[in-house]
Amino acid sequence: MTGLRYVYAVCRPFGTPLQAQLTGVGGDPPRLLTHHGLVAVVSHVPEADFAEEPLRRHLEDLDWLTGVARAHQGVIDALTTVTTPLPLRLGTVFRDDSGVRTMVQEREESFLRTLDRLEGRVEWGVKVYVEAEREPEASAAPAPKPASGRDYLRQRRTQTKSQDDLWQRAETFATRLHETLSESAEDARLHVPQNPTLSGASGRNVLNAAYLVPRVKSEEFVERVERAKDGVPGIRVELTGPWAAYSFAGEEAAEEEGT
């Protein structure tokens with residue numbers, strides 16, 4: 001089959017086959033390209049979509065990008081069940097197998113170093129949100145109508161102070177939670193809080209963190225997060241994972257290549 005080579009990840013050789021029906025970006029099943037004791041997981045993609053210029057245009061098309069990201073993540077998830085992959089960036093493309101092998105050879109030492117560090121480890125994501133202010137329940141007594149402009153301003157100041165206090169409690173809670181979870185992890189990363197307009201999540205995101213955890217200690221880590229969820233009104237904790245260690249791949253992950 002002709003086409004460019006889309007690269008999902010680099011890993012060590014593994015014996016367990018991937019899912020028989022697994023397809024990657026563009027519907028092409030991923031295959032393994034071995035070079036110098038490392039494996040690049042690749043599939044063919046059409047040049048009309050993934051050459052440098054069309055790819056640049058496509059990266060501004062949210063619907064197209066979402067489809068590619070889902071397919072990319074599907075391959076990474078499948079790899080994570082059978083080995084420890086080092087995920088590469090979305091849209092890492094080469095002209096042919098030779099280009100992929102050259103990339104692997106040039107980065108061989110850093111790939112091996114990172115794979116040694118990530119072996120047997122997974123990434124867990126934890127987010128903390130301040131819940132949006134709730135509308136008063138229909139059965140609740142309505143707030144008294146302000147008798148004057150001064151009363152109205154007093155009510156508004158009280159409401160604002162209440163919300164500010166909640167945000168402050170949430171930030172304190174998030175700081176303590178991050179410190180606690182970091183003690184259970186081998187490494188941690190603080191990401192920029194998510195924009196609710198882009199993420200679609202409700203509430204204000206005050207913690208967006210990733211934790212590198214040995215797979216065998218994941219149950220203990222999850223239990224710590226679950227315990228933190230109890231008894232914190234107005235604050236929501238979300239746990240995602242286990243994922244391949246995207247946040248800890250570092251500079252060793254290959255950047256998108258020109259064709």
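This briefing describes the fold, the confidence and selected local features of one protein chain.

The model is predicted. Its secondary structure comes to 8 helices and 9 strands, and 40% of the 259 residues in the chain are buried. Among contacts between residues at least 6 apart in sequence, 80% join residues at least 24 apart. The average pLDDT of the chain is 84.

**Confidence along the chain**

- A pLDDT of at least 70 is reached by 81% of the residues.
- Over residues 134–140 the pLDDT stays under 50, and the model has 0 contacts for this stretch beyond four places in sequence.
- Residues 252–259 also have a pLDDT below 50, but this stretch has 29 contacts in the model beyond near neighbours in sequence.

**The four-stranded sheet**

- An open sheet is formed by 4 strands in the order 7-8-6-9, with antiparallel pairing.
- Its edge strands are strand 7 (187–190) and strand 9 (235–243), each of which pairs on one side only.
- From one strand to the next, the twist averages 20°.
- In general, the strands of a sheet pair through backbone hydrogen bonds, in either a parallel or an antiparallel manner.
- Strand 7 and strand 8 (residues 204–214) run antiparallel and are joined by 4 bridges.
- At the level of single residues, Asp-187 has Leu-212 in strand 8 as its bridge partner.

**Helices lying across the sheet strands**

- Helix 5 (residues 108–118) lies across strand 6 (121–130), strand 7 and strand 8. Its direction is at about 70° to strand 6.
- Helix 8 (residues 218–228) lies across strand 6, strand 8 and strand 9. This helix runs at about 5° to strand 6.

**Aromatic pairs and a charge over a ring**

- The whole structure contains 5 aromatic pairs.
- One of them is formed by Tyr-6 and Tyr-8, in a tilted arrangement with 4.9 Å from centre to centre and 50° between the planes. Both of these tyrosines, Tyr-6 and Tyr-8, are buried.
- Phe-50 and Trp-64 also form a tilted aromatic pair, with 5.3 Å from centre to centre and 45° between the planes. This pair links distant parts of the chain, since Phe-50 belongs to helix 1 (residues 47–50) and Trp-64 to helix 3 (residues 62–80), 14 residues apart.
- Phe-50 and Trp-64 are both buried.
- One aromatic cluster brings together Tyr-6, Tyr-8, Phe-50 and Trp-64.
- Elsewhere, the charged end of Arg-236 sits over the ring of Tyr-129, at 4.2 Å from the ring centre.

**Backbone geometry**

- Most residues other than glycine have a negative phi, and most peptide bonds are trans.
- His-36 has a positive phi of about 55° although it is not a glycine. This histidine, His-36, lies in the loop between strand 2 (31–35) and strand 3 (38–45).
- The relative accessible area of His-36 is 46%, so His-36 is partly exposed.
- Gly-241 and Pro-242 are joined by a cis peptide bond, with omega at about 0°. Pro-242 lies in strand 9, which is one of the edge strands of the sheet.

**His-178 and its surroundings**

- His-178 is found in helix 6 (residues 149–184).
- Because its relative accessibility is 16%, His-178 counts as buried.
- Not counting residues up to four places away in sequence, His-178 touches Ala-188, Leu-190, Leu-207, Ala-209 and Tyr-211.
- Ala-209, one of these contacts, is 31 residues from His-178 along the chain, and their C-alpha atoms are separated by 7.7 Å.

**Gly-99 and Arg-5**

- Gly-99 is found in helix 4 (residues 97–106).
- With a relative accessibility of 23%, Gly-99 counts as partly exposed.
- In sequence, Gly-99 and Arg-5 are 94 residues apart, whereas in space their C-alpha atoms are 8.6 Å apart.

How values were computed. Residues numbered from 1 in each chain as written. Predicted model: local features only at pLDDT ≥ 70, side-chain atom pairs only at ≥ 80, totals over all residues. Heavy atoms only, no water. Pairing = 2+ DSSP bridges. Helix = DSSP H or I, 4+ residues; strand = E, 2+ residues; numbered from the N terminus. Axes fitted to C-alpha atoms, helices over the stretch in contact; angles between N-to-C directions. Contact = heavy atoms within 4.5 Å. pLDDT = per-residue confidence, 0-100. Phe/Tyr/Trp six-rings, centres within 6.5 Å; stacked < 30°, edge-to-face > 60°. Buried < 20%, exposed > 50% of the residue type's maximum accessible area, 1.4 Å probe, protein only. Lys NZ or Arg CZ within 6 Å of the ring centre and 35° of its normal.
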